[in-house]
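Dear colleague,

Please find the structure below, handed over for your study. My notes on two of its contact regions follow.

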Amino acid sequence: MATKPTFSNEVANLLHAAEGNPLETCIQCGTCSGSCPVAKYMDQTPRRIIAMINAGLKEDVLKTNTFWYCASCYQCTVRCPSGIDIAEAMYALKRYTMWKNQYKEGLIGPTFSETFVKTIVRSGRSYEPLLAPTYIFSYGIREFFNEALNATNLMIKGRIPIIPPRIKRLENFRRMIAHIIPLGGIE
Amino acid sequence: MTEKIGVYICHCGSNIAGTVDVAEVSRWAAEELQSRGVVIARDYKFMCSSLGQELIEKDIKEQGLTRVVVASCSPHLHEPTFRNACARAGLNPYLFEMANIREQDSWVTEDKLEATKKAKALIAAAVGRVAHQQPLNSLFVPIDPKVLIVGGGIAGIQAALEIANSGQKVYLVEREPSIGGHMAQFDKTFPTLDCSACILTPKMFDVGNHKNITLMTWSEVEKIEGYIGNFTVTIRKRARYIDQSLCTGCGVCWEKCPKKVVDDVFEASMAKRKAVYTPFPQAVPKFPVIDRENCTFFIKGTCKACQKFCPTGAINFEQQDEIITVKVGNIILATGFDLFDPRRIPQYGYGRLPNVYTSLEFERLSNAAGPTGGKIVLRDGVTVPKSVAIAHCVGSRDKNYNGYCSAICCMQSLKFAHLVHEKTGAEVYNCYIDIRTPAKGYDEFYQRLLEEGTHFIRGKIAEITNAPRTPEEEGKLVVQVEDTLIGKQRRVPVDMVILSCGLEPRHDYKEVARKFGLSCSADGWLIERHPKLDPVATMTDGVFIAGACQGPKDIPASVAQGAAAAARVLSIIGQGEIEIEAATAIVDETTCVGCTQCVSSCPYQAIEFLTDKKKAHVNEALCKGCGTCVGTCLPKSISLKHFTDEQIVSEMIGAMRVMKSFETVEVA
Amino acid sequence: MKQYLYFPGCSLEKIALSYHLSALETTQKLGVQLKELDDWNCCGATTYFHVDELLAYTLTARNLAMAEKEGSVVVAPCSACYKNMYFTNVHLHEDPDLADHINEALQEDNLSYSGKVTVKHLLEVFSHDIGTEEIKSKVIYPLTGLKVAAYYGCQILRPRKDHENVEQPQFFEELMAASGATPVEFPLKMTCCGGSLLITSRPAAYSMIHNLLYNAQLAQADVIATACPLCQVNLECYQQQINQEFGTKFSIPVVYFTQLIGLSMGIPPKKLGFGKEFLSPKKAIDAIKAVHTQEEVIAQ
């Protein structure tokens, strides 16, 4: 009879390349959160998130913005005295929330990520203008105008693509993706 | 002549009897193994008890048994017990064999039928073997009562005094010009805050003046040969270029010496010494040494200021190293530790940012005899810090550096916090992961530091930086750490940071281990015979370890180990002679071809090649009976007593015969 | 001519076009030919990994498989592309099951990867493969007196690949010194610029960018040299907004290291993509002009 995996197990399962990651060996020293350049914007510091995972507090973890604020700079990972890849654990939690479609309200990360991946699947390359709507209205009027101004400047300097690029063997590419994610893909 | 073998099967309560049908096995042994020499087979609840042993003794005397097999637990536990029982009844103890039907059978087999079958096979094996065993006698070697102690730190000093006070002679060899070790560098010791030099120097003087201690400083052991009770040690006494019979220790030579050198040993590179120097004023012995690598005379051939001004003419540039050979019976290694180099952690800024200090640097800073006369000031030599951060666990408990805990850093960090409070009134921030204060008075010391107003931040420092984020941080050292108890990242601006660096084995630990025939753990600490029950002995008889070379520890533990090693040595000396296990290798000189393969393959260097006879010869006192030489000998001239080919093959046949008979039964 | 396969990455097509141009110009002059990988697809940056690990590896593996057909070394100028390709390569080596699974999917595009490609970052090619001695020998107009803050960014150094020095490397500074410039002490040289946080968590990114600019200013840098398009955009294009937000007056030009090296080798600025920046490095570089009497460095 299969037993229900604990939250700790679930996270470990999402860490394929990091081989499950030894999150349970965390000694809660705080080096990761001490090194994190974004820690002060997170609801809970990365160290706390690991403690919460080890304690099985799934709902509490999923409610935080911590992992969506991770810049993936890996400073925590290279310094961790227990050899835990904290940045990868943050990726695992992002994947978990995308999979469960359950994350803190108001986060731009999830929608942005989804849109980005859809763009790639569509054409094989990224295309900035398509991504703008995911965030351009989220930071208030002043930022909207700033961004619009920036975009215009970049366009004048020839730094924004007008025509969305495509790879040549797009059909093969799409089939390749469907092979990996068989259930309808991300279309 | 057929032997008369007695077989005794232990129930061991239910440990064996719960799985193995002991009554059946007993019956089977008496009947089926009769043709192999078994005349009596018994089973009993606890063979190791005095009643159990009496059973064996009675049968030996009354039945005239010539061999005994006990089927019970592991020989590691009770082989000596049963061997002694046989000896008491007049049977040579090497005519006894054990069959392990507990650890190798009942404890690892679930099926009772299988377990019983296996027990039978194991007993048949033991019976087969024991029939071919020969009576052997242990070797007794006399003990030279002199003792060599290597390392003149607190552990070595304690051991030396204990042994010397008992009337025995000690050679104390120390690499530096003076004894004292790291303890001589410290300012105050925790938790009593005794001045380190004040409690150490009386012991140092005792050592220096003791009639039973031959002190050899500025010396190193070059070679060790021999075995317990009979070591021959070659020591190089390096040339001091000072005639000790003339020198009065007046100090004129180092006053007049024009050459200054950074003292990277005693003063932790915080101060300079001269080319002719004693490491510190209370040095024992008081004689200075000339550092020939930095002495102007040795480099250019000029100066000789020391010689010109020496009132007794004690400077002798012609002096040579002396090679001394001594004979000792026992050796104690007390070589101490080296400090972790925090340059390996670049994000802590040591070496790049001036006001980041190591623990030893801070000890010298705070020491009244140190470079600043005990004033705690920054590298500019003038500014008193107003805020100090102390980092715990630097290079310890970290898979990237050393995974172990260095045992003393928490107490040391608390001590530093106290000294900073006392001398400067600065704000002190101790950044820790755990507070480890296990021994007497230690946690009370932590309480005291709390009362003194130390700021404790539970979090390992992530980085120490001079890169400000706001104008207020400009010009300061900033400690970035997560205060895990409140869950927030903090940036604490400070003037000075002290790194409590971890302890590491001496940099030449591999060489030392090889020289003394010892093993090291993966981290480099010397390995004790048993981590719990025998922390000062090693697997090499006659060589003991004490103090930090065995693992990080504080002063009381080092002193205790020094005394413990001394006690062990004195007990060996008290016995006068030592028994060597009889299961040693022996060379049949008639078939030995003199190829010397065994000589080079022996891990204990116990075999020598006799050049006159051109044959190999085993030194029984050094031989540990590992059997490596037996494997390498092509003409099969070396055999291992108590483990002959005949004995081992009979053991195998005994077991296989039984296992095969079971098979045929099942097929049928 | 040494040949490497070249994976420009999506950013180098437009937003970081100057990086692309200067990379091709400088490598050619130094005897290295960069041959663009045919029909490469987006590496996924960090974003693929937010959605599905296996998908992310597959998409990068496609590029590795195509590279394997054409050569043995692929060079990525963008740190994010580099990190993805490097570690996908490592994982495909270490986990044969993963490799099998992905190779199955790659068959849909008639591709298969057997692990024979080495991935390098463009900065690595300059500092280790070409070497500072070679570069020094080709310098005609040394950028003497130009104070450069060599900004590594994060994903070129981390995660750790071997036991290399990830906390205090010096190779970027040495490269800048080779072109005659003066690298300044820049303690935050490996601190993250915020990357995609600029989009998903702008206030956090702003504070990170502000720290970097503040420290570059304290170090008195004339320009910041970068090796990644995300870093360049983050540091350069938002200085106005940072000034608004923090009340500062930053105006530090941010260029690509290849542009600086190219200038020192005498390649005309237009060819190196100068003129496309928000903040022109003209003032700083004109100071050098005085030393060398070059032609007009930048046409505004």
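**Two contact regions**

Domain 1 of chain C and domain 2 of chain C bury about 2100 Å² between them, with carbon and sulfur atoms giving 72% of it. Please keep in mind that this is a predicted model.

The domains within chain C come first. Domain 1 covers residues 2-122 and domain 2 covers residues 140-299, and their C-alpha centres are 25 Å apart. Contact involves 25 residues of domain 1 of chain C and 24 residues of domain 2 of chain C. Between these domains there are zero salt bridges and three residue pairs in polar contact. On the domain 1 side, helix H1 (17-29) and helix H4 (79-94) of chain C each supply at least two residues. The largest share, nine residues, comes from H1(C). By class, that side holds 15 nonpolar, seven polar and three charged residues.

The second region lies between chain B and chain A. Here 20 residues of chain B touch 19 residues of chain A, and the buried area is about 1500 Å², 39% of it from carbon and sulfur atoms. In chain B, the residues that lose the most area to chain A are Lys399(B), Glu482(B) and Gln489(B), together 31% of what that side buries.

Which residue of chain A forms a salt bridge with Glu482(B)? The partner is Arg47(A), with the closest N and O atoms 2.7 Å apart. The interface of chain B and chain A has two salt bridges and 15 residue pairs in polar contact. Strand S25 (residues 477-483) of chain B gives the largest share of the chain B side, three residues. That side has five nonpolar, seven polar and eight charged residues.

With kind regards

Methods:
Residues numbered from 1 in each chain as written. Chains lettered and ligands numbered in written order. Predicted model: local features only at pLDDT ≥ 70, side-chain atom pairs only at ≥ 80, totals over all residues. Heavy atoms only, no water. Domains from an automatic or database assignment. Contact = heavy atoms within 4.5 Å. Buried area = accessible area lost by both parts, 1.4 Å probe. Salt bridge = Lys/Arg side-chain N within 4 Å of Asp/Glu carboxyl O. Polar contact = N/O pair within 3.5 Å; in protein donor to acceptor, adjacent residues only side chain to side chain. Helix = DSSP H or I, 4+ residues; strand = E, 2+ residues; numbered from the N terminus. Nonpolar A, V, L, I, M, F, W, Y, C, P; charged D, E, K, R; others polar.
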